[in-house]
Amino acid sequence: TMPLSAFSFFASIFFVPVFFLSFSVSAQIGGDNTYDFMNLPNAAKAAALGGNIIALPDNDLSLAYHNPALLKESMHNQIVLNYVNYFTDINYGYVSYAREYNELGNFGIGLQYMNYGDFIEASELGDKTGTFSAVEYAFHLMYSKNIDSSFRFGAVLKPVYSRLDTYTSYGIMGDVGISYYNEDNLFMASFIVKNIGSQLKPYTTDNYEPVPFDVQIGISKKLLHAPFRFSMIAHHLETYDLSYKKINNAEPTNVLARSKEVESEGDDFFENMMRHMIFGVEFLPTENFFVALGLNYKRRRELQISEKPGFTGFSFGFGFKLSKFQFSY
């Protein structure tokens with residue numbers, strides 16, 4: 001079994017930042033960044049487990065998109081294709097390939113795209129003048145290296161191109177992560193800093209916008225004698241307040257006067273802490289099949305209808321392996 005001192009160490013790695021690091025900044029994050037498409041899940045298992053996963057030891061190259069420290073030698077010659085039919089005619093996807101080079105480490109390349117479809121172009125009076133489109137791309141250059149038998153370091157460089165009608169922008173970002181895996185106890189812990197960088201060319205002159213910076217810690221634990229694995233992620237640790245302001249639309253006939261801020265959702269400490277959390281559980285009866293269920297608490301609080309919250313914020317999926325092919329939904 002894992003020594004108590006080691007378990008305490010990794011527990012402190014996870015929980016101390018949740019309680020203290022997030023106090024460093026008090027600001028909301030919704031709609032404040034450009035290139036936000038890079039926060040979308042590009043692994044079906046990650047989407048099933050709440051939209052993000054950074055601490056799974058699976059031999060699945062798509063997980064390296066969420067944490068380059070998960071890229072490992074057993075992914076040599078793997079190729080990943082991911083496609084999401086999003087809302088209306090929006091769609092996005094990801095393709096990636098990995099190779100191992102002996103003592104040099106593990107390398108991977110990937111291309112992520114987001115196509116927003118076609119839009120009707122019109123004048124301020126509503127006269128249709130044509131159509132326009134919007135699309136964004138990010139190229140991924142990944143690298144990982146085993147520090148020892150338990151620790152692995154990973155990094156990815158992400159040049160970004162965005163075109164929204166006639167407006168274009170270029171940027172550069174990167175992720176840096178580290179993972180720890182105890183094979184005897186089927187326990188994994190990871191720490192990652194995501195989207196370090198900035199715009200190189202803004203959409204309009206001198207109007208530089210922030211990129212979706214994120215600090216995350218994650219753990220996973222598979223039961224030794226039962227086919228279940230549990231995972232937990234704390235995200236946006238750089239920001240304490242993940243709540244938002246309600247808007248009072250009491251006067252719908254006056255657009256300028258109807259916006260009135262009222263008390264924000266989730267002012268207490270426990271509520272804010274929970275908004276940082278993503279929980280997941282997997283049923284793994286064999287090595288070739290899984291069923292996954294996730295809860296993204298922040299998503300639940302932002303999208304639920306108070307009268308009927310239902311399963312808002314929950315997600316699920318499954319996957320199986322046939323010969324050399326892995327399929328996940």
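A salt bridge here is a side-chain nitrogen of Lys or Arg within 4 Å of a carboxyl oxygen of Asp or Glu. Keep that in mind as we walk through this predicted model.

**The whole chain**

Start with everything shown as a cartoon. You should find four helices and 13 strands. Of the 329 residues in the chain, 44% are buried. Switch on the surface next: its accessible area comes to about 17800 Å², and carbon and sulfur atoms account for 61% of that. Among contacts between residues at least 6 apart in sequence, 53% join residues at least 24 apart.

**First stop: salt bridges**

There are eight salt bridges in the structure. Select E302 and K298, whose closest N and O atoms are 3.1 Å apart. Both residues belong to helix α4 (residues 297-303), and four residues, about one turn of the helix, separate them. Is K298 buried or exposed? K298 counts as buried, at 13% relative accessibility, while E302 is partly exposed at 35%.

Now select D175 and K158, a salt bridge with 2.9 Å between the closest N and O atoms. D175 sits in strand β6 (residues 167-182) and K158 in strand β5 (residues 151-164), so this pair ties together parts of the chain that are 17 residues apart in sequence. Both D175 and K158 are buried.

Move on to E282 and R229, where the closest N and O atoms are 2.7 Å apart. This pair links distant parts of the chain, with E282 in strand β10 (residues 277-286) and R229 in strand β9, 53 residues apart. E282 and R229 are both buried. Add K45 and D58 to your selection, and you have a network of salt bridges that links these two with R229 and E282.

While K45 is on screen, show F290 as well. The charged end of K45 sits over the ring of F290, 4.1 Å from the ring's centre.

**Second stop: aromatic rings**

How many aromatic pairs are there? The count comes to 13. Select Y86 and Y92 for an edge-to-face pair, with 5.5 Å from centre to centre and 85° between the planes. Y86 is partly exposed, with a relative accessible area of 31%, whereas Y92 is buried, at 4%. Include F87 too, since ring pairs link Y86, F87 and Y92 into a cluster.

For another arrangement, go to F119 and F132. Their rings are stacked, 5.2 Å centre to centre with 15° between the planes. F119 belongs to strand β3 (residues 105-122) and F132 to strand β4 (residues 128-146), so the pair ties together parts that are 13 residues apart in sequence. F119 is partly exposed at 34% relative accessibility, and F132 is partly exposed at 25%.

**Third stop: inside, at L61**

Select L61, in the loop between α2 (44-48) and β1 (79-85). With 1% relative accessibility, L61 counts as buried. Beyond its neighbours within four places in sequence, L61 is in contact with L71, M75, Q78, I79, V80, S96, Y97 and A98. Y97 is 36 residues from L61 in sequence, and their C-alpha atoms are 7.8 Å apart.

**Last stop: a nonpolar patch**

Finish on the surface by selecting L223, F228, F230, F283, F289, V291, F318, F320, L322, F327 and Y329, a nonpolar patch with about 970 Å² of accessible area together. Strands β9 (228-234), β11 (289-296) and β12 (314-322) each give two or more residues to the patch. Which element gives the most? That is β12, with three residues. Zoom in on F320, which lies in strand β12 and is partly exposed, with a relative accessible area of 31%.

How values were computed
Residues numbered from 1 in each chain as written. Predicted model: local features only at pLDDT ≥ 70, side-chain atom pairs only at ≥ 80, totals over all residues. Heavy atoms only, no water. Patch = residues over 30% accessible without salt bridge, like charges linked within 9 Å, V, L, I, M, F, W, Y side chains within 5 Å. Areas by Shrake-Rupley, 256 points an atom, 1.4 Å probe, with all protein chains shown as cover. Buried < 20%, exposed > 50% of the residue type's maximum accessible area, 1.4 Å probe, protein only. Contact = heavy atoms within 4.5 Å. Phe/Tyr/Trp six-rings, centres within 6.5 Å; stacked < 30°, edge-to-face > 60°. Lys NZ or Arg CZ within 6 Å of the ring centre and 35° of its normal.
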